[in-house]
Each structure stands twice: as structure tokens, then as C-alpha cells.
Amino acid sequence: MPIPEVADGFTGSVTRLALGTGPDEGGTRTSTVVVGGSQNVVYGGAPADAGERPVIAMDVLDVRPADWPDVLLGPFDRVADDPADWAKMCVEDCGADLVCLKFDGVHPDKADKDAEHAVRVTEAVLNAVGVPLVLWGSGNDDKDNQVMPKVSGAAKGERCLIGTVTEDNYKSLTAIALADDHCLITEAPLDINIAKQVNILVSDMGFPLERIVTFQSTGGLGYGIEYAYSIQERQRLAALGGDKMMAMPAICDVGYESWRCKEAKLDEAPGWGPTENRGPMWEAATAVCLLQAGVDIIRMRHPKAVATVKAFIDELWNGSSEA
Amino acid sequence: MALTGLEIFKLLPKGNCKKCGMPTCLAFAMQLAQKRAKLEDCPLVSEEAKEKLAAAAAPPMRRIVFGSGEHQVQVGQETVLFRHEEKFHSPTAVATTVSDTLTGEALTDRLNTAKALQFERVGTQIGIKAIAVCNESGSAEAFAKTCAAVKESCDLALILVSDLPEAMAAAVKQTAQCVPLLAGARTNTADGMAKIAKDAGCPLVARAGSLEELVELSEKIKAAGVEDIVLNLEAPTLSDQLYGLSRMRVLSLKKVFRPLGYPTLSFVGDGEATRQGAIAISLACKYSGIVVLDTAEPWVNLPLLTAVMNVFSDPQKPVQVEPKVYAIGEPDENSPVMFTTNFSLTYYTVESDVENSRVPSYILVVDTEGTSVLTAYSGDKLNEKTVAQAMTKHGVEDLVKHRKLIIPGYVAVMSGKLEEATNWEVMVGPRECSMLPKYLQEVWK
């Protein structure tokens with residue numbers, strides 16, 4: 001029996017977006033990253049419809065992590081006090097496509113560092129590595145509104161991905177990201193309606209849709225990943241259906257969420273296998289699972305987990321017999 | 001695919017005898033198409049018409065069952081491409097390989113390792129569902145012997161993997177009563193394998209390198225009398241396999257293309273354990289009904305099984321945790337007590353942040369029918385009465401000497417009434433539980 005034709009009938013696609021600028025565009029990046037562009041659901045149609053390959057942004061914290069389990073901190077112990085060295089290790093040893101500078105230390109309940117510190121760290125990391133940067137605030141609205149505009153200014157012209165902005169707190173960072181020519185991360189709490197609303201608010205301020213990346217929030221494997229999974233699938237379907245307000249590439253925070261999980265970090269767990277394998281595999285599994293739903297940028301932490309996910313992406317994207 | 005009224009009309013006697021209660025056969029056909037009438041109401045319908053109508057009503061993806069007793073495995077009968085459209089019905093069955101080159105202690109060790117791949121999560125047992133015995137020896141005798149040994153020492157369902165009909169026949173003779181899945185038939189062994197499957201009443205895997213070959217093979221096996229078929233696309237690359245599986249899913253569900261209307265099985269193959277784990281998760285999410293792994297490492301299988309559990313959960317039904325008191329760390333009579341709801345996501349977030357605080361605590365989980373704090377409060381499922389009842393029911397008074405209860409910041413408004421209802425001092429906790437560690441370390445002290 002002949003196989004029937006399958007027509008998808010999708011009219012839209014995911015926006016394509018370039019991060020980082022080299023000297024010809026006024027920046028200092030030695031490599032740039034393009035994400036998005038998918039014209040189908042994950043594995044729908046042909047590999048040519050899949051757009052750009054997903055990329056990994058490795059987390060670098062602005063201060064030594066206070067609460068990372070030993071298995072996770074171990075590989076970074078030598079560099080954890082120096083974000084520049086840490087970033088170098090991510091790029092040179094682990095092959096990170098992007099470095100995500102996470103300003104944990106700025107949070108008033110953590111190290112309560114000031115804007116000057118954040119700017120210094122940003123400049124040091126920009127000098128240390130050539131990949132584009134993701135600049136991610138502490139999550140405290142007031143403090144981020146003081147600090148992130150200065151961080152944005154310190155990286156002006158480098159076309160970073162900066163965030164996050166939320167429904168309740170978007171104005172100051174959106175304005176400065178627009179002025180400094182960065183791309184912006186819009187955040188929503190696993191709620192597709194709020195996700196769209198933030199994008200509308202931000203674009204009402206004149207921020208171009210093609211410079212937005214969405215962050216839908218992430219659930220760790222075993223701890224709500226199914227919510228993130230379905231929201232990412234619905235976001236992709238909305239984009240393919242032609243909804244311009246949902247057509248952005250998506251970022252997810254796998255590193256933080258997966259290392260909160262008991263299964264990743266519990267030392268005494270008979271029958272679960274050693275933590276040094278289990279923790280990184282839990283992180284890699286969370287990332288691979290979300291890749292099936294359609295995400296474009298994955299924030300990750302452990303070098304072994306990054307290696308597993310990179311190998312998976314490489315095998316998948318290099319290996320079509322039709323290509 | 002459902003037939004239209006006119007298509008059904010063509011199959012009816014067209015005599016307008018009115019015995020069905022309708023004025024004409026066409027009217028009856030229209031009612032049938034809308035499922036408002038039953039075919040049995042027509043006393044004159046031909047056997048041929050009955051068959052055709054039944055076939056059209058069959059689900060687009062067949063349900064396949066193998067194994068026996070409480071270890072029976074069900075795959076197939078999927079109805080959607082995306083879980084949010086309805087739900088996925090048959091969680092991907094994970095299987096572990098056992099080579100027939102293993103004997104004695106090595107075989108026992110391997111089986112024990114595989115058997116240990118059972119875990120408990122959120123009160124539910126998750127684990128591998130089958131052992132795939134692989135005929136690596138190339139010997140029919142060794143294969144049959146190993147299959148018999150595995151059957152003896154392990155209750156899990158069996159998948160018999162051999163390309164040699166004589167080895168398959170010998171192994172089936174040893175194991176037929178527990179209904180193994182036979183993997184399987186290729187184009188050159190289709191006749192022999194189909195006969196074995198048909199005679200033993202076992203489902204059969206069709207194995208081919210492309211969709212076109214797979215279609216041809218599944219039709220051939222079906223024509224040979226085997227109804228229960230599982231499809232194994234052995235694509236040359238991972239990309240080909242994943243795109244192929246997606247295309248098969250679309251063809252079976254959206255086009256009701258019967259030759260591909262069966263569940264699928266995939267071998268993850270060898271390679272590093274981490275690679276197997278990543279690929280297996282991808283295959284499980286994207287439409288492989290059974291995945292077979294060589295690695296029996298628990299640290300690979302646990303995340304894989306968890307991913308299957310999560311992705312195959314019902315999106316309409318919030319996952320709940322059991323309402324009771326959870327002890328985090330080793331709390332004593334002076335430890336803090338707080339409550340939250342039994343929506344799993346809410347509970348896990350609170351649990352994780354309490355763990356991070358390193359302050360041993362009790363978390364009382366109030367039954368709010370799986371809703372979050374604010375939703376439960378708005379729906380009146382979380383109020384001073386439900387909290388007080390939960391405290392009594394789970395004996396919170398006996399756990400601690402103090403009488404201080406930490407409540408979620410979002411329901412600070414219920415403090416007064418709750419103090420009256422319980423006679424406990426209410427302490428309003430943070431709104432976001434990421435602030436719990438600081439709260440427990442500083443405010444609680």
C-alpha cells in the first residue's frame with residue numbers, strides 16, 4: 001500500500017535570532033550564535049524544517065555558589081571564586097555555546113553585592129571569553145532594577161541576551177536593553193497566557209519581537225517537568241500557527257531546576273547508583289526531555305551533563321542520511 | 001477512520017424495509033455515522049458490511065499486550081500527537097537486554113541487576129517492564145535455554161530477540177505460556193516468524209530499515225494471520241529514526257494508515273550508558289512504545305523511567321501527594337511546623353526549599369484535591385477548618401511541644417480565624433517558598 005502524503009499546513013515559524021556581535025558589528029565576540037527558525041514541531045516534517053540546532057548556555061555565578069552539592073561544585077571548585085576563569089573553563093573545556101552569567105550574589109538575601117561588583121564581573125567575563133553572554137538577574141525585582149541596567153550598559157554593543165522581565169517588572173530593563181541593543185528574556189510562571197501578555201507589554205514599549213527569547217519557567221525531571229513540556233509544545237504550535245506574540249525561541253533553566261531534585265544530589269541512596277553519575281545524568285535527562293518539546297537555549301551546569309547533551313544534539317543534527 | 005453516512009449507505013441493503021425504525025436506509029446510515037444508531041438494528045445487513053464497518057471503527061493504533069499475569073505489558077492505543085490534546089495512554093515500556101551468551105553466575109548477576117530496576121516515586125511503582133533476551137550466540141539451543149532460565153527466575157514480560165526462525169521456535173516452545181513478544185520478522189524471515197507467532201498466539205515485531213519496507217512487511221505478516229504486530233524501524237541514524245517515528249505516528253493517527261497502525265519498539269543499542277539514556281528519553285517522548293536498552297545502570301534507568309512517568313501523566317489530573325505530615329531531615333519536638341497543599345508541584349517546591357534550609361521541619365500536607373495554595377484558598381478547599389481538621393487527623397499536636405504554625409504568605413488573611421480554630425499561634429511565612437530557607441534560619445529562630 002502506498003504511504004499517504006502528510007501535509008502539516010503550518011504557516012508560521014519560530015523567529016530566528018542572532019546573539020553576540022563581532023568587531024564588524026561593533027562588538028568583541030569571536031563567535032556568534034543563531035537560534036530559532038523552526039518551521040515544524042520537533043521531528044515533524046524533515047530535518048531541514050528544524051531550524052537552528054539547540055545551544056547550551058553554561059551557568060557562571062558572580063560569587064562562589066553557597067548551596068551547590070559537592071558533585072556539582074567539584075568540577076568548578078578551582079574557578080568558583082573567579083567568574084572569568086569559570087567562564088573560560090566552560091568555553092574551553094566544556095564547549096559551551098554561550099555563557100550565562102547569573103547574578104546570584106546580587107540578591108539581598110544572598111551576598112547582597114552592588115552594581116559595581118556586577119559590572120566588574122561582566123567586564124571580566126567579556127574579556128575572558130569570546131562567546132556571546134546571557135546576563136541573568138538575581139530574581140529580586142528592586143535589586144535587579146538597580147543592578148541590571150548597569151550590567152546592560154557594561155555590555156553595550158555586544159548583543160547579549162539579558163533578563164528576565166516579568167509581567168510585574170519589565171519597564172526599566174526593557175528600556176535599557178532596547179537602548180543598549182541587547183536581546184531580552186521574557187519570563188512567565190508556567191502560564192502560557194501570562195507568557196503572551198509579557199511579550200505584548202514589552203513590544204508595546206517598542207521592543208522588537210525578533211529580539212525576544214521566552215522563558216516559561218522550568219520544572220525539574222520528576223518535579224513538574226510535564227508542565228514545562230506541554231507549555232513548550234503549545235508555544236511551538238502557536239508559533240507555527242502564525243501567532244507572532246508566541247513565535248520567539250525558548251530558553252529553559254535546566255541546571256538550577258535539576259540540581260534541586262533529590263534524585264540528583266542525595267548521597268545516600270541505595271539502588272540509585274553513585275551521585276557522581278546520577279546527578280549529571282539527572283541534569284542531562286531533564287535537558288533531553290525538554291528538547292523533545294522544543295526549546296532553543298538550555299542553561300546547564302555540570303560538565304558531564306553538558307557533554308551528554310552536546311553529544312545527543314550532535315548525533316541528531318549531524319546524522320540524517322537524507323542530508 | 002470513521003465512515004461518512006454515504007459510505008455506510010453503500011454497504012446497507014438499500015431496501016428501505018423500515019425494520020430499523022427509520023423511514024429509509026439512507027436515514028439509518030446517517031444515524032449510524034453519528035453513532036446514534038446501532039448496526040444490529042438492521043436485520044438484513046450482510047456479513048461483509050459488518051466486517052467493513054467494524055474495521056472502520058477500530059482504533060487507529062492497535063493495542064498490543066504481551067507478558068502474563070500482573071506483569072502483563074500493554075502498549076499502543078495512542079490517540080494524540082501531543083499530551084495536552086488529551087493524554088498519552090500507554091507509558092513507554094522500558095526493557096533491558098540479556099544476552100544468551102551468559103550462563104550460570106553471569107546470567108544470574110545480570111538478571112539481578114535488571115530486576116533491581118524498580119523504584120518508588122510519589123507512591124507509585126515505576127520500573128522496567130520486560131527483559132529482552134538476545135540471541136547473540138546464534139545457537140537455537142543456547143537461546144531456548146537462556147529464555148527458559150530467564151522465564152524461571154524472573155516474572156517480567158519477555159521479548160525474544162532473534163533473526164533465526166529455528167531459534168525463535170525453540171525459545172517459544174519454552175516460554176509460550178507467558179506470551180513473549182517475538183522480535184522479530186524481517187522481510188526474509190516473515191513467513192517463518194509469522195507462523196511461529198500465529199501458532200503460539202504471541203505478538204510479533206516487524207523489523208525493517210525504512211518506512212516503505214515496514215509497511216510491506218506489516219501487511220505481509222497480517223496477511224499471514226498475525227493480528228498483533230509491533231513495528232521496529234531500524235533507521236540508519238538517530239535522526240532518521242526519530243523523524244521516521246514521528247511520521248509513523250502521524251500516518252497512523254491522522255491518516256488512519258492501517259499498515260502502520262501499531263505500537264513501535266526501538267533498540268537504543270550500545271554505546272556509553274549516558275548516550276543510551278539520552279536517546280531512550282528522546283524515543284520514549286517521541287513515540288516509541290517500547291525502548292530496549294543494554295545498560296542496566298540504575299542512574300540511567302531512574303531518570304528515564306521518571307521521564308516516562310511525567311510525560312505520560314494525565315494533563316487533566318493534577319499529580320497529588322498523599323496528605324499527611326512529612327518529616328524533612330530529622331525534626332524533633334522543637335522543630336517548625338508548616339502546611340501546604342497536596343498539589344505535587346506545590347509540595348515539591350516547598351519540600352526542596354525546606355531541605356535547602358537545613359532546618360529539620362514538619363510539613364503538613366492538607367488535602368486540597370491537588371490544587372495550589374491560592375487556587376485552593378479561592379475554592380474554599382484551604383481554610384481554617386480544613387487546616388484544623390488536617391492537624392487533628394495527622395496528630396500534629398503530638399509531634400511538637402510548641403504551638404506555632406507557619407502558614408504560606410499568600411494566605412496570611414486566614415491567620416485570625418485559624419488561630420481561633422486551632423488555638424495555635426500563626427506565623428505568616430514568605431509568599432515565595434524560595435525565601436523559606438532564610439525564613440527558617442532567621443525568623444523561626
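In this predicted model, Leu204(B) is in contact, once its neighbours within four places in sequence are left aside, with Leu182(B), Gly184(B), Ala185(B), Met193(B), Ala194(B), Ala197(B), Ile221(B), Val226(B) and Ile229(B). Leu204(B) and Leu182(B) also appear, together with Leu98(A), Val99(A) and Val309(A), among the residues that touch the most other members of the largest nonpolar core, which holds 233 residues. Helix 10 of chain A gives the largest share of this core, ten residues, while domain 2 (63-311) and domain 3 (325-443) of chain B each contribute at least three. In soluble globular proteins, nonpolar side chains tend to be buried together. A second core, separate from this one, has nine residues, among them Leu12(B), Cys25(B), Leu32(B) and Cys42(B).

Leu98(A) leads on to the strands of chain A, since in strand 4 it is the bridge partner of Ala57(A). Strand 3 (residues 55-61) and strand 4 (residues 98-102) of chain A run parallel and are joined by five bridges. They belong to a barrel that eight strands of chain A close in the order 3-4-5-6-7-8-9-10, with parallel pairing; neighbouring strands are turned against each other by 25° on average, direction ignored. Across strand 3, strand 4 and strand 5 (133-136) of chain A lies helix 3 (residues 115-128), which runs at about 165° to strand 4.

Where the two chains meet, the contact takes 44 residues from chain A and 51 residues from chain B. On the side of chain A, helix 7 (225-240), helix 10 (275-293) and helix 11 (303-318) each supply at least two residues, and the largest share, nine residues, comes from helix 10. By class, this side of chain A has 23 nonpolar, twelve polar and nine charged residues.

Notes
Residues are numbered from 1 along each chain as its sequence is written. Chains are lettered from A and ligands numbered from 1 in the order in which they are written. This is a predicted model: local features need pLDDT of at least 70, side-chain atom pairs count only at pLDDT 80 or more; totals for chains, interfaces and linings use all residues. Two strands pair if DSSP finds at least two bridges between them. Helices (H or I, at least four residues) and strands (E, at least two) are DSSP runs, numbered from the N terminus. Axes are lines fitted to C-alpha atoms, for helices over the stretch in contact, and angles run from 0 to 180 degrees between N-to-C directions. Two residues are in contact if their C-beta atoms, placed from the backbone, lie within 7 Å. Ala, Val, Leu, Ile, Met, Phe, Trp, Tyr, Cys and Pro count as nonpolar, Asp, Glu, Lys and Arg as charged, and the others, Gly among them, as polar. A nonpolar core is a set of buried Ala, Val, Leu, Ile, Met, Phe, Trp, Tyr and Cys residues joined through C-beta atoms within 7 Å. A residue is buried if 20 or more other C-beta atoms lie within 10 Å of its own, exposed if 12 or fewer, and partly exposed in between; C-beta atoms are placed from the backbone. Domain bounds come from an automatic or database domain assignment.
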